[in-house]
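Biologist: Got a minute for this one? I'd like to go through its cavities and a bit of the sheet.

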Amino acid sequence: MSRRSALLSKYNLKEEPTLNRLAIAEGQRLIRVHVEGYDDVAFWRDIFDEFESDKLTFEISVAPRKDLAKGKKVLLDMLSQTSEERIVCVDSDFDYLLDGQTTQSHKVLHSPYVFHSYSYSIENLLCYAPGLRSICTKATKNDTPVLDFEEWFEQYSRIIYPVFLWYVYSAKLDDLTLYKLDSFKNDVRVLYIDLETQGKSTLEWVERKVARRLEFLERTYPQFIKLVAAEGERMKTRDLFPENTYLFMQGHTLFENVTIPILESICSKLRHLEKGRINASTASGTPLLNAFENYHNSTQLGVRNLLLTNTNYKDCFLYKRLRDDILLYINRITGDINPIG
């Protein structure tokens, strides 16, 4: 059996899979929306659900490439194929902050059928601090507040802001040897959170790492100190401020190395509290065992999966800006003088 045949057999696929899609309603226009990867499909589906109407329907997919290539570069390479009925949606990375100062940034910001996240990536919106408590509640079925997420992420953002500016400046120069991604990840990651101090000791640990990195960068590259500071002032016009840095930092790092460890620590605490409450009840024997089993069965959804399907970011000012962009596009192609919501 050939390798191809073995793969088809493994995944129960036919040689030429077909699927009968629903017919488009009369008078409706189909808009094809291409996104960077499979994880992005659900995110953008949630966004475009709001704009489905008797005039428009949207179909979200990765790039329609025979070689299955995906990613932002693939989408930007197909800009000549975009139109009113074929659009692409990408992570901003630093393109929004750089405000057209690089070729890619200019392309992303000024192409009429490209929509971008404004935050570094979709992961930053998924990790929007005001929506994180609900993730813990869904994962543990315990709604006890144990951390002020908004306050913690604001403090965290202020701490990492100085080195973040250096990392963005390195990206602008297209010289990531100045400040490598792995170094940035190590400087800002969170391995644990001390809930007894509301995460204060964790923040102090990150602050010490950031201080060491900042001292090294300023000592090694003194010629860039004023230039980095000037970039920080310029990027305030792009809504980057010390207190919201986490929305603009590298999204995978925020998701995997900051938010997930925090949520898992909190959820472990909440599950322990809930199991203690059950154990302290007057139930015993089979009823007590059933209570523990019911609780276990109701908390099978992991933090990661819940976070990937999170939609509690729609109060974020960056999402509202994205929504406004989509509205302008829709009203332009439909000629609607009465904009949606």
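Modeller: Sure. Keep in mind that this is a predicted model. For the largest cavity, α7 (132-140) and α12 (251-279) each supply at least two residues of the lining.

Biologist: Which of the helices gives the most to that lining?

Modeller: α7 does, with three residues.

Biologist: And which residues line the largest cavity in full?

Modeller: R133, C136, T137, N142, T144, P145, V146, L147, F149, I266 and L270.

Biologist: How does that lining split by class?

Modeller: Seven residues are nonpolar, three are polar and one is charged.

Biologist: What volume does the largest cavity have?

Modeller: About 60 Å³.

Biologist: How many cavities of 30 Å³ or more does the structure hold?

Modeller: Two. The second largest has about 30 Å³ of space.

Biologist: What lines the second largest cavity?

Modeller: A42, F43, D46, L126, L308, T309, N310 and Y313 line the second largest cavity. By class, that lining divides into five nonpolar residues, two polar and one charged.

Biologist: Which element has the largest share there?

Modeller: α2, with three residues of the lining.

Biologist: OK, switching to the fold. Where does α2 sit in the chain, and what unit is it part of?

Modeller: Helix α2 covers residues 38-49. Together with β1 and β2, α2 makes a β-α-β unit.

Biologist: Right-handed or left-handed?

Modeller: Right-handed.

Biologist: How do β1 and β2 run, parallel or antiparallel?

Modeller: Parallel. Seven bridges join β1 to β2, and β2 spans residues 56-62.

Biologist: Give me a residue to look at. What stands opposite V33 in β2?

Modeller: I60.

Biologist: Which other strand does β1 pair with, over four bridges?

Modeller: β3, residues 86-90. That pairing is in the parallel sense too.

Biologist: And which residue in β3 is the bridge partner of V35?

Modeller: C89. So you can start from V33 and I60 for the β2 side, then take V35 and C89 for the β3 side.

Biologist: Last one on β1. Is the strand mostly covered or mostly open?

Modeller: Mostly covered. β1 takes in residues 29-35, and five of its seven residues are buried.

Biologist: Let me check I have it. β1 is bridged to β2 and to β3, and α2 belongs to the unit with β1 and β2.

Modeller: Yes. And α2 also brings three residues to the lining of the second largest cavity.

Key:
Residues are numbered from 1 along each chain as its sequence is written. This is a predicted model: local features need pLDDT of at least 70, side-chain atom pairs count only at pLDDT 80 or more; totals for chains, interfaces and linings use all residues. Side-chain values use heavy atoms; hydrogens and water are left out. Buried means under 20% relative accessible area, exposed over 50%, partly exposed in between (1.4 Å probe, protein chains only). Two strands pair if DSSP finds at least two bridges between them. A crossover is right-handed if, with the strands pointing away from the viewer, the path from the first strand over the helix to the second runs clockwise. On a 1 Å grid over the protein atoms alone, a cavity is a set of points where a 1.4 Å probe fits but cannot get out, and a pocket is an open set with protein on both sides within 12 Å along at least five of seven lines; lining residues have an atom within 4 Å of a point. Grid points are joined across faces, edges and corners, and a volume is the space filled by probe spheres set on the points. Ala, Val, Leu, Ile, Met, Phe, Trp, Tyr, Cys and Pro count as nonpolar, Asp, Glu, Lys and Arg as charged, and the others, Gly among them, as polar.
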